[in-house]
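Here are my notes on this one, point by point. Have the viewer open while you read.

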There are 2 protein chains.
Amino acid sequence: MMDQAKMDPRAVRTRKLIMDSFITLSERKEFKDITVKDITMEAMINRATFYRHFEDIYDLLEKALSEVLLVNLDSAAFTERELDEQTFFQLFEAVTNFQQSISHRCHSGYEETIARIIRDQLEVIFFKLLTKKNPQANADSLHLTAVMLSWGIYGASVEWKRNGGLSPETFIKGAIPFIRFGLEAE
Amino acid sequence: MMDQAKMDPRAVRTRKLIMDSFITLSERKEFKDITVKDITMEAMINRATFYRHFEDIYDLLEKALSEVLLVNLDSAAFTERELDEQTFFQLFEAVTNFQQSISHRCHSGYEETIARIIRDQLEVIFFKLLTKKNPQANADSLHLTAVMLSWGIYGASVEWKRNGGLSPETFIKGAIPFIRFGLEAE
DNA sequence: CCAAATGTGTTGCTTAAGCGACAAAATCGA
DNA sequence: TCGATTTTGTCGCTTAAGCAACACATTTGG
């Protein structure tokens with residue numbers, strides 16, 4: 001991201017303080033019990049400052065989780081790749097890793113928010129890869145494809161969580177040929 | 001210290017950033033090679049901000065070392081005690097610990113600064129303890145006594161560094177009776 | 001049930017920190 | 001040695017963060 005490029009260093013610092021404090025707190029107690037005051041006290045910043053950076057705690061939840069997911073997904077690295085079998089493997093693995101990492105902290109009741117975050121990030125990546133693969137194709141149809149792929153991958157991760165045992169690799173392996181066949185055909 | 005009481009939290013934060021960065025840097029390179037820029041970059045603050053907190057790097061050296069020494073001396077704890085044998089032991093040990101801890105980082109050429117810092121801190125502690133022991137005594141003479149004791153303890157630590165082997169306890173043990181005898185006599 | 005306590009989001013004003021530019025000093029390298 | 005960097009310390013101006021107070025929900029526990 002060129003997010004923090006040309007951002008005021010104070011803002012960068014404060015934002016990080018808030019994010020980190022939130023992550024720390026969410027290891028101790030679950031989301032619904034965390035107040036803005038808790039966060040600002042942990043971060044040792046003023047409560048008013050919190051609202052300069054985030055709409056409210058839900059906004060923070062969203063952005064904090066996005067950031068964590070972003071690290072797992074390492075979007076930049078993925079968009080350098082091709083839309084091949086390897087990439088599917090690793091995207092799926094990144095998602096399951098992420099789900100694992102936040103399943104410790106208790107965000108019960110916010111599954112839908114989390115799901116949307118995951119899908120949003122996946123969608124961006126898929127769209128970039130699709131555009132690279134089919135530069136001349138219609139953007140809207142690529143977008144729609146990306147949306148469907150992101151929902152698909154996410155759905156697979158839900159299914160994976162339900163079936164305890166399998167490793168992410170072996171689990172997703174079954175579906176990949178089908179997906180790719182569809183992709184190749186287009 | 002009531003230092004950071006009623007201080008602006010931003011200033012507290014920034015001050016700590018600078019101090020920590022300086023400590024970090026002084027583990028990597030020696031004092032004379034550390035520039036203000038190095039510190040402010042490490043601390044990710046603006047160079048101008050440095051000068052809001054410190055006169056110059058020498059001022060920082062002084063205050064940073066004072067702080068480190070303060071932790072070793074734990075002034076508050078010592079001033080709760082009596083001016084007895086135990087206290088002399090432990091003050092001497094604190095000083096030698098401090099000398100050890102900064103001997104890794106290379107502050108060559110600043111021994112005199114460091115020495116003064118140590119003596120200043122010792123002097124404050126001795127003065128408090130002396131005042132507690134002799135509440136009715138003349139303040140000036142207590143001050144002078146504190147000065148002499150602080151120089152004495154520091155001198156002893158220099159001597160101790162020269163003679164490699166002995167433990168601080170056994171080393172100082174020889175002198176304590178004499179010091180105490182003088183104190184008791186007064 | 002309702003009062004007291006706690007949490008939310010916003011505001012106007014104050015202040016610490018960021019920025020760029022500057023002259024002057026120190027350091028370096030050829 | 002001398003010119004070129006680099007470092008130092010300072011300046012005026014801009015902006016992010018602190019603060020206290022506010023009205024308005026929400027808990028909470030007696």
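1. A definition before anything else: a charge sits over a ring if NZ of Lys or CZ of Arg is within 6 Å of the ring centre and within 35 degrees of the ring normal. By that rule, the charged end of R119(A) is over the ring of Y154(A), 5.8 Å from its centre. In chain B, R119(B) lies over the face of W151(B), 3.5 Å from the ring centre.

2. Some ground rules. This is a predicted model, where local features need pLDDT of at least 70 and side-chain atom pairs count only at pLDDT 80 or more, while totals for chains, interfaces and linings use all residues. Residues are numbered from 1 along each chain as its sequence is written, chains are lettered from A and ligands numbered from 1 in the order in which they are written, and side-chain values use heavy atoms, with hydrogens and water left out.

3. On symmetry, a turn of 180° and a shift of 0.0 Å along the axis lay chain A on chain B with an RMSD of 0.1 Å (least squares on the C-alpha atoms of residues with pLDDT of at least 70 in both). The two copies are thus related as by a two-fold rotation axis. Within chain A, R10(A) comes closest to that axis, with its C-alpha at 5.1 Å.

4. Now DNA strand C. There are 23 residues around it, and R13(A), R47(A), R10(B), T14(B) and T49(B) come nearest ("near" means that a heavy atom of the residue lies within 4 Å). Sugar or phosphate accounts for 59% of the strand C atoms within 4 Å of the protein, and bases for the rest. The largest share of this surface, five residues, comes from α3(B) (helices are DSSP runs of H or I, at least four residues, numbered from the N terminus).

5. Look at the polar contacts to strand C (pairs of N or O atoms within 3.5 Å). A phosphate oxygen is 2.3 Å from an N or O atom in the side chain of T14(B). Backbone polar atoms take part too: that of R10(B) is 2.9 Å from a phosphate oxygen, and that of V36(A) is 3.2 Å from one.

6. DNA strand D has 22 residues around it, with R10(A), T14(A), T49(A), R13(B) and R47(B) nearest. Here α3(A) gives the largest share of the surface, four residues. Two arginines reach bases: a polar side-chain atom of R47(B) lies 2.9 Å from a base oxygen, and one of R52(A) lies 3.0 Å from a base nitrogen. H53(A) has a side-chain N or O atom 3.0 Å from a phosphate oxygen of strand D.

7. Finally, the aromatics: 12 pairs over all chains (ring centres of Phe, Tyr or the six-membered ring of Trp within 6.5 Å; planes under 30 degrees apart are stacked, over 60 edge-to-face, the rest tilted). F31(B) and Y58(B) are edge-to-face, 5.7 Å centre to centre with 65° between the planes. F31(B) is in the loop between α1 and α2 of chain B and Y58(B) is in helix α4 (residues 57-73), so the pair ties together parts 27 residues apart in sequence. F31(B) is buried, at 3% relative accessible area, whereas Y58(B) is partly exposed at 48% (buried is under 20%, exposed over 50%, partly exposed in between, with a 1.4 Å probe and protein chains only).

8. One more pair: F92(B) and F171(B) are stacked, 6.1 Å centre to centre with 10° between the planes. This pair links helix α6 (residues 85-104) to helix α9 (residues 168-173) of chain B, 79 residues apart.

Definitions and conventions:
A polar contact is a pair of N or O atoms within 3.5 Å; within protein, one must be able to donate a hydrogen and the other to accept it, and residues adjacent in sequence count only if both atoms are side-chain atoms. Helices (H or I, at least four residues) and strands (E, at least two) are DSSP runs, numbered from the N terminus.
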